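Biologist: Got a minute to go through this one with me? I'd like to start with the ligand site.

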Amino acid sequence: MSKFLVANYKMNGDKKFFRSINSFNKIKLKDTKLILCPPFVYLNLVKAKHFSLGAQDVSAFCDNKSTGEISAEMLKDYGVKYVIIGHSERRARGETDKLIQSKIKLAFNNGITPIVCVGEKNYNSKIEEILNQVESALVTDSEIIFAYEPVWAIGTGKLPTINKINKAVDLIKTTAKQHNRDCKVLYGGSVNKSNYKQLLTCEIDGFLVGGLSLKLNEFLDVLKGIEE
Ligand code: PEP
């Protein structure tokens with residue numbers, strides 16, 4: 001079954017780095033959907049031919065008084081096909097489910113597929129903690145991708161058990177079905193060259209990666225490994 005690999009570069013990299021990732025166009029991917037999400041200012045340096053361009057956020061507003069924001073229409077204009085919405089780093093700085101809903105709707109209206117991040121805060125939190133985040137993201141009829149990203153696993157080197165990831169995937173897919181929706185579920189949080197094979201035994205549709213995306217050779221190894 002085909003898998004996704006989504007690179008979230010966060011606020012990292014420079015012009016040289018983002019020009020260099022165009023070399024991913026040379027890879028003939030058999031069955032993997034590769035999505036690269038640079039910071040807004042570097043979107044125009046990344047020429048997506050054999051991968052897709054993604055953004056790390058989108059404005060929740062559609063008006064002429066949103067200084068400093070980037071609209072879904074602008075992302076569409078740049079050829080952006082996917083957008084990460086509700087990353088825990090943004091939720092931690094005050095992004096609410098209401099804002100996230102608005103971003104999801106505006107993305108859909110512009111033909112951009114949202115990748116909505118959900119995840120429990122603490123290692124000991126019950127998986128049901130993500131239910132509100134999932135339900136409130138199901139605001140439209142279109143295709144949606146969830147990234148299950150336990151907040152405590154992001155950038156820490158810690159991983160949930162396979163059992164916990166499978167429980168999260170099941171909860172997300174069951175909730176989506178109850179709303180007559182199909183969805184894909186990715187896993188994100190400390191994925192690396194040494195653990196991705198084990199993680200691929202989970203019921204996931206691929207990965208959203210942060211730190212790994214900055215190590216180009218390791219990222220490439222993982223990409224090739226997913227393809228095998
Ligand atoms: C992320 O920030 O979405 C993420 C998955 O980061 P990392 O892979 O570095 O844990």
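Biologist: By class, how many nonpolar, polar and charged residues are in the shell around the ligand?

Modeller: Keep in mind that this is a predicted model. The shell has three nonpolar, eight polar and two charged residues.

Biologist: Which residues are the closest to the ligand?

Modeller: Lys-10, His-87, Glu-149, Gly-155 and Ser-190. In total, 13 residues surround the ligand.

Biologist: What does the side chain of His-87 offer the ligand?

Modeller: An N or O atom, 2.8 Å from a ligand oxygen. The side chain of Glu-149 also places an N or O atom 2.8 Å from an oxygen of the ligand. With Ser-190, the partner is a polar backbone atom, 2.8 Å from a ligand oxygen.

Biologist: And how much of the ligand's accessible area does the protein cover?

Modeller: 95% of the 290 Å² that the ligand has on its own.

Biologist: Which pocket does the ligand sit in?

Modeller: The second largest pocket.

Biologist: New topic. How many salt bridges does the count come to?

Modeller: Eight. One of them joins the side chains of Arg-90 and Asp-57, at 3.1 Å from N to O.

Biologist: Where do Arg-90 and Asp-57 lie?

Modeller: Arg-90 is in helix H3, residues 88–91. Asp-57 is in the loop between strand S3 (52–55) and helix H2 (72–77), so the pair ties together parts 33 residues apart in sequence.

Note on methods: Residues are numbered from 1 along each chain as its sequence is written. This is a predicted model: local features need pLDDT of at least 70, side-chain atom pairs count only at pLDDT 80 or more; totals for chains, interfaces and linings use all residues. Side-chain values use heavy atoms; hydrogens and water are left out. A residue is near a molecule or strand if one of its heavy atoms lies within 4 Å of it. A polar contact is a pair of N or O atoms within 3.5 Å; within protein, one must be able to donate a hydrogen and the other to accept it, and residues adjacent in sequence count only if both atoms are side-chain atoms. Accessible areas come from the Shrake-Rupley method with a 1.4 Å probe; for residues, only the protein chains shown count as cover. On a 1 Å grid over the protein atoms alone, a cavity is a set of points where a 1.4 Å probe fits but cannot get out, and a pocket is an open set with protein on both sides within 12 Å along at least five of seven lines; lining residues have an atom within 4 Å of a point. A molecule sits in a cavity or pocket if more than half of its atoms lie within 2 Å of its grid points. Ala, Val, Leu, Ile, Met, Phe, Trp, Tyr, Cys and Pro count as nonpolar, Asp, Glu, Lys and Arg as charged, and the others, Gly among them, as polar. A salt bridge is a side-chain nitrogen of Lys or Arg within 4 Å of a carboxyl oxygen of Asp or Glu. Helices (H or I, at least four residues) and strands (E, at least two) are DSSP runs, numbered from the N terminus.
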